[in-house]
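Visitor: I am new to this structure and would like to learn how to read it. Might we go through it feature by feature?

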Amino acid sequence: MATHVKRAFKYRFYPTDAQAAELSRTFGCVRKVYNMALAARTEAWARQERVNYNQTSAMLTAWKKTEELAYLNEVSCVPLQQALRHLQSAFANFFAKRARYPRFKVKKKSRASVEYTSSAFRFRGGLLTLAKMADPLNIVWSRPLPEGVVPSTVTVSRDSAGRWFVSLLCEDPSIKPLVAAGTAVGIDVGLDHLLTLSTGEKVANPRHERRDRVRLARAQRELSRKARGDGANRRKARAKVAKIHARITDRRRDVLHKLTTRLVRENQTLVIEDLTVRTMVKNRSLARAISDAAWAEFRSMLEYKASWYGREVVAVDRFFPSSKLCSHCGTLQPEMPLSVRMWTCESCGTAHDRDVNAANNLLAAGLAVSVCGAGVRPQRRTPGGQSAMKQKTPRREP
Ligand SMILES: [Zn+2]
């Protein structure tokens, strides 16, 4: 095992026209290669055969020699190879039942990204130059790279608002496990508040988010009113939606980074609710969708930071009746409509804040899992990006 933690540092950059054109061309070629390889693998799958990475790599070599695909030679071959590697791990995850069947990459609109390994970029004197480019990228170094680190992989992406980012994957020697803490915390997710902690602390949603949500809803309605194919107006409306979306995401990410760092530093065990199932439900309200996205991001940050610092994240099954159960005496309340924010337990007379009570129940359930569960481990991210294991919910008698 490497002693150092790999960590991505992401920055915004402003490409020249030539660089933007080169990158757009590379995005297009990566999409083409990925989709062709996926098609080949799918056809093989239908014949009950499997195609491996080396075979797709050989296909790529053959495609480049044909007249209609000769343009693939114009871009750096590393991102194309990396796309085939990603497809390989997507299939590995599918075969291991960790993920759904890989899907085709669709054109433009949403986020696009390509990956360069060390043979396809140069990083010298704080300047990053990609293959097939004469000039280094104009990167906004919003925070410094730690002294002496060298990126092993560079990912270039463009988000739906048209902004360009570069993410540098580096070994960060400054990350070391923290001294074990004796504390544990239960964390409940909500709509009114971003999070509620078992300590009674409530973490508010990022400032302006409510107002931005209203704006986002309005912009989305405008977009859906523009007729399909109505070129310029529709493009403008879509850009507006993407811009508001990006603003919400950025502000939220900022808040989540500070929050997860603090929570992981302060606590040894962090108990959260496993919302994987719920986030798959379609037709959610906008607020719900944003809250779920925030939750997924929160969880992923919490998990990787916990693994950096030697902390434990326990995810408790969502079917656990955390709102209905009195965290003081364990009595199950028959009903608990969403509108009830404060309530008093009829058995023991304890007055509860709904969310704080839920967070306390999560904590108790999580600690039970953490202490008694045979072979129960905190959920970790595997290299394929899927969370590894499901936790069992301890049953509590009402
Ligand atoms: Zn009670």
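Visitor: How many Å² does the chain expose?

Guide: The chain exposes about 22000 Å², and carbon and sulfur atoms supply 53% of it. Accessible areas come from the Shrake-Rupley method with a 1.4 Å probe, and for residues only the protein chains shown count as cover. This is a predicted model, in which local features need pLDDT of at least 70 and side-chain atom pairs count only at pLDDT 80 or more, while totals for chains, interfaces and linings use all residues. Residues are numbered from 1 along each chain as its sequence is written, and side-chain values use heavy atoms, with hydrogens and water left out.

Visitor: What percentage of the residues in the chain is buried?

Guide: Of the 398 residues in the chain, 41% are buried (under 20% relative accessible area, with a 1.4 Å probe and protein chains only).

Visitor: Which secondary structure elements does the chain have?

Guide: The chain has seven helices and 14 strands. These are DSSP runs numbered from the N terminus: helices are H or I of at least four residues, strands E of at least two.

Visitor: What is the order of the strands in an open sheet?

Guide: Two strands pair if DSSP finds at least two bridges between them. One open sheet of five strands runs β2-β6-β7-β1-β5, with antiparallel pairing. Its edge strands, β2 (112-117) and β5 (139-140), each pair on one side only. Within this sheet, β1 (residues 5-13) and β7 (residues 164-172) are joined by nine antiparallel bridges; V5 stands opposite D172 in β7.

Visitor: Which open sheet has mixed pairing?

Guide: That is the open sheet of five strands in the order β10-β9-β8-β11-β12. Here β10 (202-203) and β12 (312-317) are the edge strands, each pairing on one side only. Strand β11 (residues 269-274) pairs with β12 in the parallel sense over six bridges, and L270 has V313 in β12 as its bridge partner.

Visitor: How is empty space found, and how many cavities are there of 30 Å³ or more?

Guide: Rolling a probe the size of a water molecule over the atoms shows where empty space is left. On a 1 Å grid over the protein atoms alone, a cavity is a set of points where a 1.4 Å probe fits but cannot get out. By this rule there are two cavities of 30 Å³ or more.

Visitor: Which residues line the second largest cavity?

Guide: Its lining (residues with an atom within 4 Å of a point) consists of R41, W45, E49, R50, V51, F91 and F95. Helices α1 (17-46) and α3 (77-95) each supply at least two residues of this lining.

Conventions
1 Å grid on protein atoms, 1.4 Å probe; cavity = no way out; pocket = protein on both sides within 12 Å on 5 of 7 lines; lining within 4 Å. Points joined across faces, edges and corners; volume = space filled by probe spheres on them. Buried < 20%, exposed > 50% of the residue type's maximum accessible area, 1.4 Å probe, protein only.
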